Amino acid sequence: MITVLIPVCVLLGIILCKRIPKIGGNVQAALILAGVLSLLLGGVFKPSDWCGALVDGVDRLAWVIFLSIFGSIYAETQVRLGTMETVMSALKAKFGKSPRALVICIILALVVAGSLLGDAIAAATVIGVLTIGTLAAMGLTPEHICCVIVMGASMGSIMPPITQALALASTLVDTDPDPVVAIGYVTSSVVIILVCTYVVTFFVKKDMKIVEYDANGNEIQETRKAGQIIRENWTSLIPLLVLILIVIFRTVNVPGIKFDLVPELLNKITFLTVGEEKITLYQWLSQVTILKGLSNGIVLSLIFVMLVSFCFPRVRVDIKGTVVSGVRKVKVTVGLQLCAAFMLGCFYAGGQIDAVMAFAQGLNSNILKIGGAAAMCLIGMLTGSQSTTQNVVFSFFGPALVNIGLNPTYVAVAGANLAAAGQGLPPADLTTFVVAGIVGGMLGKKVDPVKSMFYMVPMCLLFLIIGMVFMYI
């Protein structure tokens, strides 16, 4: 186990000790150095084997990486179409006189945004900024506003269909993501219902009134009704509705109804002919190293709907700008994923994964489960990142749980929820720090991010409970 402990200790040391010159607090550097150490300690010295480890790791995480890239580009098309602005305007027109109903609708809008973007920070910054004025007009404190936005975006980031947390967890335990995602719909919905109840009970008072002002200090009066707003902007909702229909038909488990549209279309296109055998485009994509990440059903659905969005003049007029902007917003995430892929490939090549699984067989199952869950929450609290938590801890913890006989699907669900629980706990949730700065800047008030994190503890406990339940069923 020494070959496992040293790379992990170096990894944690670099991430948590920001005083280390040059690389302190740099997650990418930590992942790369941990990978290099694991290769050296595992007796892997050939440069060709190091390159092989990188390719193997990227191949394992390819669909998650493609999910982030195309998810971000798709989200950019929706921003340019005005999809979420249409939704928010309609909600305000419909529920403007009922603060509690409007807050619930705002949370749901953030959940949808987080689910479509697949990233809490992206949803909180792109869509959350549209809700700050409305929430402030109700009389919510800046900390409550920050908390509502972060909770909605965070729940969305684990909510299918575009769910980096469940996608990464499925990959790390090498299991089919579709049943994991199907369970994710249920578990995420439970969390959303309970969080909405918590917010309207403790944050929103019955006698609150919604009063908004324009730049000149005049009260804003929305005269249009929700139906009118949707009728005027219904075309902006088409790509979103198409994605929803594709996801429903590919995930519903009813014979005669289940239909995976994009793979079916690609299976009708002959790409190569070898002798008498015809290889379809989908079959070819499924077999090519790294590129097979594009054959994932969720990724293909995103690409298809993204292309549908480019048919609209508002998006088509600047295709290059849309793509560049979408990629730019996710370049840090993709960079982190590539470094994590290198480390993961190194752990497999250096024998660390096998060593952990062998060690886990000698442990009491309860000790393994509780200790691993505690480690994930602790790293999440200290780094404020579910992806870092999964790459640092769950890359070992997940396979170890599978090795002692747990259902890989349940293990993936548990890993995603435990990572989500840890990242929202005080004192270091990155999303909260980002949103607190935005809220403070827009309202001209000081926002205490740690206080907002404490308000989020009930949501984190729900994720923790779900994670523990799926390790014991």
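Helix axes here are lines fitted to C-alpha atoms over the stretch in contact, and the angle between two of them runs from 0 to 180 degrees between N-to-C directions. With that in hand, take two helices of this predicted model: H3, covering residues 47-81, and H17, covering residues 319-350. Their axes lie 7 Å apart, and the helices pack at an angle of about 160°. Angles over 145 degrees count as roughly antiparallel, so H3 is roughly antiparallel to H17. As for handedness, the crossing of H3 past H17 is right-handed.

Next comes the nonpolar interior. The largest nonpolar core is made up of 102 residues. The residues with the most contacts inside this core are Leu135, Ile149, Met151, Met155, Val199, Phe397 and Met459. Helix H8 (residues 142-158) supplies the largest share of the core, with ten residues. Zooming in on leucine 135, and skipping its neighbours within four places in sequence, the contacts are Val103, Ile106, Leu140, Ile145, Val148 and Ile149. There is also a second core, separate from that one, with 29 residues. Among its members are Ala167, Ile246, Leu294 and Met306. As background, nonpolar side chains tend to be buried together in soluble globular proteins.

Phenylalanine 394 deserves a look of its own. This residue sits in helix H20, which spans residues 386-403. The relative accessible area of phenylalanine 394 is 1%, and the cut-off for buried is under 20%, so phenylalanine 394 counts as buried. Who are its neighbours? Leaving out residues up to four places away in sequence, phenylalanine 394 touches Ala169, Leu172, Val173, Met376, Thr389, Pro399, Val411, Ala412 and Gly415. Threonine 432 is 38 residues along the chain from phenylalanine 394, and 23 Å separates the C-alpha atoms of the two.

Finally, there is a hairpin to pick out. Strand S1 (residues 270-274) pairs with strand S2 (residues 277-280) in the antiparallel sense, and four bridges link the pair. Leucine 272 has isoleucine 279 in S2 as its bridge partner, while threonine 273 stands opposite lysine 278 in that strand. Two residues lie between the strands of this hairpin, and glycine 275 takes a positive phi near 65°.

Technical notes:
Residues numbered from 1 in each chain as written. Predicted model: local features only at pLDDT ≥ 70, side-chain atom pairs only at ≥ 80, totals over all residues. Heavy atoms only, no water. Pairing = 2+ DSSP bridges. Core = buried A, V, L, I, M, F, W, Y, C linked by side-chain atoms within 4.5 Å. Buried < 20%, exposed > 50% of the residue type's maximum accessible area, 1.4 Å probe, protein only. Contact = heavy atoms within 4.5 Å. Parallel < 35°, antiparallel > 145°, perpendicular 65-115°, else oblique. Left-handed = near helix turned anticlockwise from the far one by under 90°.
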